[in-house]
Amino acid sequence: MQITEHIASLSEEGRLLAAAAEQAGPGASVPTCPGWQIRHLLRHTGMVHRWAAAFIAEGHTAYHPDGGEPDLDGAELLAWFREGHSHLVRSLEEAPADLECWTFLPAPSPLAFWSRRQLNETTVHRVDAESALGGPLTPVPAARAVDGIDELLTGFHARPKSRVRSDKPRTLRVRAVDTAATWTVRISEDPPQTVRTAGGDGTEDVDCELSGTAEGLYLTLWNRLPLTAVTLRGDRAVARLWTDNSAVTW
């Protein structure tokens, strides 16, 4: 995906999130985030948007703490969220291609990093907001879902912070049936090592395979859908190792 595609999709995802939050109401429970209500979701995501925008717009080249979550609710909170989201989108649109600022995952450039990271951040939390309504979710296109799986497996869980570990080496295959993407995740006492291949079902013997649409896998790996949303072959304990330990704070 191109940076411009990320930014355009981020703009739309933020609008969808706000619309679902407004319809659900600030006190609605968020099933995908136990213990959260819509107000908590808006405060968190709005804070992240402002935190990210500060790196882009102000050019911080070292870690800079966020400004904390606001003591707002109701219509004021929703307006605050929309303002912060719009500021993030504008900051990305107006940033130079050679932007220099702090990042925390490998990427072709800081601008590529932040546009992709905030798109996935907002997409996952848009799903959270829509889950509070109990109806169908807005689809995630396959190309975007594949890109999001890449970020999760080869970015977040390649870091020392990953808690997906096993004393006994295990191998998990993730196969998107509607694309040519397959990922092989090697789990050990060290951070998981992931290799993506294109085409075929994969010939290597693995302990467990998760297969399904790219969207289904994306949301399952982010723990927004249950394992029953995809097809599981092999040792279910390996899949549970992922679901029980893969939650990302940042």
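Colleague: At roughly what angle do the axes of helix 1 and helix 2 cross?

Modeller: In this predicted model, helix 1 covers residues 3-24 and helix 2 covers residues 38-58. Their axes come within 10 Å, and they cross at roughly 155 degrees.

Colleague: Is helix 1 roughly parallel or roughly antiparallel to helix 2?

Modeller: Angles over 145 degrees count as roughly antiparallel. The crossing is at roughly 155 degrees, which makes the relation of helix 1 to helix 2 roughly antiparallel.

Colleague: Which residues of helix 2 are met by L17, A21 and A24 of helix 1?

Modeller: Helix 1 passes helix 2 in a left-handed crossing. In this contact, L17, A21 and A24 of helix 1 meet I38, L42 and T45.

Colleague: How many residues of this contact are nonpolar?

Modeller: The contact of helix 1 with helix 2 includes no charged residues. One residue is polar, and the number of nonpolar residues is five.

Colleague: Which strands stand at the edges of the open sheet?

Modeller: The sheet has five strands with mixed pairing, in the order 3-2-1-4-5. An edge strand has a single partner strand, so one side of it is left without a neighbour in the sheet. The strands placed in this way are strand 3 (193-198) and strand 5 (231-234).

Colleague: Which residue of strand 4 is the bridge partner of R173?

Modeller: Strand 1 (residues 170-176) and strand 4 (residues 208-212) run parallel and are joined by five bridges. The partner of R173 in strand 4 is E209.

Colleague: Which strands does helix 5 touch?

Modeller: Helix 5 (residues 142-155) packs on the sheet, and its direction makes about 15 degrees with that of strand 2 (181-187). The strands touched are strand 1, strand 2 and strand 3.

Note on methods. Residues numbered from 1 in each chain as written. Predicted model: local features only at pLDDT ≥ 70, side-chain atom pairs only at ≥ 80, totals over all residues. Heavy atoms only, no water. Axes fitted to C-alpha atoms, helices over the stretch in contact; angles between N-to-C directions. Helix = DSSP H or I, 4+ residues; strand = E, 2+ residues; numbered from the N terminus. Parallel < 35°, antiparallel > 145°, perpendicular 65-115°, else oblique. Left-handed = near helix turned anticlockwise from the far one by under 90°. Contact = heavy atoms within 4.5 Å. Nonpolar A, V, L, I, M, F, W, Y, C, P; charged D, E, K, R; others polar. Pairing = 2+ DSSP bridges.
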